[in-house]
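Hi,

Here is the structure I promised to pass on to you. Have a look at it first, and then read my notes below with the 3D view open.

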Amino acid sequence: MRARILIVDDDPDILLGLENRVTWMGHEPLTADNGKDGLRLIQQEEPDLVLLDIQLPGLSGLEVLQQVKELTDRDHSANDAPHLGFGPTTPPIVMLTAFGTIERAVQAMQLGAIDFVTKPFTGDHITVVINKALALIALRRRVGALQQEVDDRYGPVVGNNVKFVSQLNLARQAAASSVTVLILGETGTGKEVVARSIHHWSPRKSKPFVAVNCAAIPKDLLENELFGHEKGAFTGAVKREAGKIEIAEGGTVFLDEIGDMSLQLQSHLLRVLQDQTFYRVGGTTSVHSDVRFIAATNKDLKQAIRQGAFREDLYYRLEVISVTLPPLRERMEDVPALADYFLSRAGKLGLQKRCTLSEPAVRLLTQYRWPGNIRELENVLTRAYILCPGNVIEPEHLHLSSEQTAPFQEAVPPTSSRLYHERTEAYSRWILEDALKRNDWNQTRAAEELGLQRTYFTKLLRQKQIPGRPPKTPPASPPEQDADHR
Ligand SMILES: Nc1ncnc2c1ncn2[C@@H]1O[C@H](COP(=O)(O)OP(=O)(O)OP(=O)(O)O)[C@@H](O)[C@H]1O
Ligand SMILES: [Mg+2]
């Protein structure tokens, strides 16, 4: 990297020496012999790095630093950007201090200077300091770029469905405090999107958001992943290492797939939730932590409690506020907006084309049952965007399985009768079958969803001779939807 480096010093010999050194290192030097000019050049020329003498006539080095700090703070509050140590107009600063001014150098570090060099210094010393500062800048830029990539991936939350919006509002209200939030929903319904949004809406947003997938990490390694370990805790533990909870200090830990956590680890987690302390693996002293926990699962935790696989006390700790995301098939009105959003995002894949959906394609998207929910919709559209030869996506480019598609004709309860009693009977059969289907034929959950006692639900199934297992064809869509299409 060829960096632009500003040198501010009132000693002409030092100024010239540093200018030559910077040029020799292959960078571009800028110079100022007083604080006022230095500050002006920082704002006008946007240098990558500043070497700033602490003792300057007029505006001192510390005063320049103070003003730069004010610019940084203003930038951050204006941009709402994470605090990376400096903003676009506020470069990192290395202080040049005379022997005997160490106290002021410490003051400078407190004001945000990244390093200091005591005069007199050698050329080699200053080379090392500049290289170290530039490595830090490169690292911070890389972090900024990665952060941007993640933000782009989890961009705006799209959706107007009433149930979805009410759950999102609940999440937004929960964000202001540090309460634990449990996010429930089938796979691909946007649990991680909502978890990241809660973090972003919270006062912790400038601190880390750290996600831990409890299902992806082998059970015996998860404890180490979360709590870290002490040196010598196990073979290969050559030094103390921080776990995800320590890394997220001040921020949010997202425990994804919490239903897959072992009972032993659940008890350790419970302790963190109760008194904000934990032990590193192999550790004997407790570590205090200040993190907010958000957990998510697509499993039925109440059932897991009944089966003895999930601790009831942990469940109640986690679900102080619980947010339930509806599956996509229950918010079909959001499909067109989500589809538009994913197509606009697909435009970033490097292909120079803009694609739209034909009317039959939109209709097909809104008839499909979306077992993989929003993630499946995203994948289907990305694939269609890449594979469709023109700019209009037709049904055949979507490659949707016909098994999951409820065609328009089937979207009526199975009766041609116009008689009141026959039609209500057909509707109530449809409601029961639909609830069973949507809950994977789990009668307890289906009954819960319909607000019925389990015993009454079973009685209804028996009365109406509805089998408690999958029928050969999928149940029809709700009658109101059918009316909408007519
Ligand atoms: N409301 C939404 N608006 C825009 N994009 C969304 C929305 N919900 C989900 N997505 C997108 O859908 C994909 C799946 O979302 P996410 O990873 O949050 O789902 P999930 O519920 O955590 O899934 P899983 O249970 O499989 O982990 C992501 O690429 C995400 O960007
Ligand atoms: Mg997820």
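**What I found**

Let's start inside a sheet: F254 sits across from I294, a residue of β11. One thing to keep in mind from the outset is that this is a predicted model.

F254's strand is β8 (residues 252-256), which runs parallel to β11 and is joined to it by four bridges. On to β6, then: this strand is also parallel to β11, again with four bridges. Here you can look for L184, which faces T297 of β11. Strand β6 (residues 181-184) pairs with β12 too, in the parallel sense and over four bridges. If you want a residue pair to click on, V181 has I321 of β12 as its bridge partner.

Put those pairings together and you get an open sheet of five strands with parallel pairing, in the order β7-β8-β11-β6-β12. Which strands stand at the edges? They are β7 (209-213) and β12 (321-324); each has a single partner strand, so one of its sides has no neighbour in the sheet. From one strand to the next, the twist averages 20°.

How many residues of β11 (residues 292-297) are buried? Six of its six. Both faces of the strand are covered: R292, I294 and A296 are buried on one side, and F293, A295 and T297 on the other.

**Around the ligand**

Next, zoom in on ligand 1. There are 17 residues around it, and V158, T187, G190, K191 and E192 come nearest. Two elements give two or more residues to this shell, namely α7 (191-201) and α15 (373-387). By type, the shell residues split into six nonpolar, seven polar and four charged. And where does ligand 1 lie with respect to domain 2 and domain 3? Domain 2 (162-326) and domain 3 (329-405) both contribute residues to the shell, so the ligand lies between them.

**A helix with two sides**

Now turn to helix α2 (residues 35-45). Its buried residues are G35, G38, L39 and I42. They span an arc of only 100° around the axis, so they are on the same side of α2. The spacing makes sense if you remember that an α-helix has 3.6 residues a turn, so residues three or four places apart point the same way. On the face of α2 turned away from the buried side you'll find R40 and Q44, which are exposed.

**Some backbone oddities**

A bit of background for this part: most residues other than glycine have a negative phi, and most peptide bonds are trans.

- Just after α2, E46 has a positive phi of about 45°.
- The peptide bond between K119 and P120 is cis, with omega about -5°. You'll find P120 in the loop between β5 (115-119) and α5 (123-153).
- D440 is not a glycine, yet its phi is positive, near 50°. Look for D440 in the loop between α16 (420-438) and α17 (443-450).
- W441 is another non-glycine residue with a positive phi, about 65°, and it also belongs to the loop between α16 and α17.

Is D440 buried or exposed? With 11 other C-beta atoms within 10 Å, D440 is exposed, because the cut-off for that is 12 or fewer. W441 has 14 such atoms within 10 Å and is partly exposed.

Happy browsing!

Notes. Residues are numbered from 1 along each chain as its sequence is written. Chains are lettered from A and ligands numbered from 1 in the order in which they are written. This is a predicted model: local features need pLDDT of at least 70, side-chain atom pairs count only at pLDDT 80 or more; totals for chains, interfaces and linings use all residues. Two strands pair if DSSP finds at least two bridges between them. Axes are lines fitted to C-alpha atoms, for helices over the stretch in contact, and angles run from 0 to 180 degrees between N-to-C directions. A residue is buried if 20 or more other C-beta atoms lie within 10 Å of its own, exposed if 12 or fewer, and partly exposed in between; C-beta atoms are placed from the backbone. A residue is near a molecule or strand if its C-beta atom, placed from the backbone, lies within 6 Å of it. Ala, Val, Leu, Ile, Met, Phe, Trp, Tyr, Cys and Pro count as nonpolar, Asp, Glu, Lys and Arg as charged, and the others, Gly among them, as polar. Domain bounds come from an automatic or database domain assignment. The arc is that of the directions from the helix axis to the C-beta atoms.
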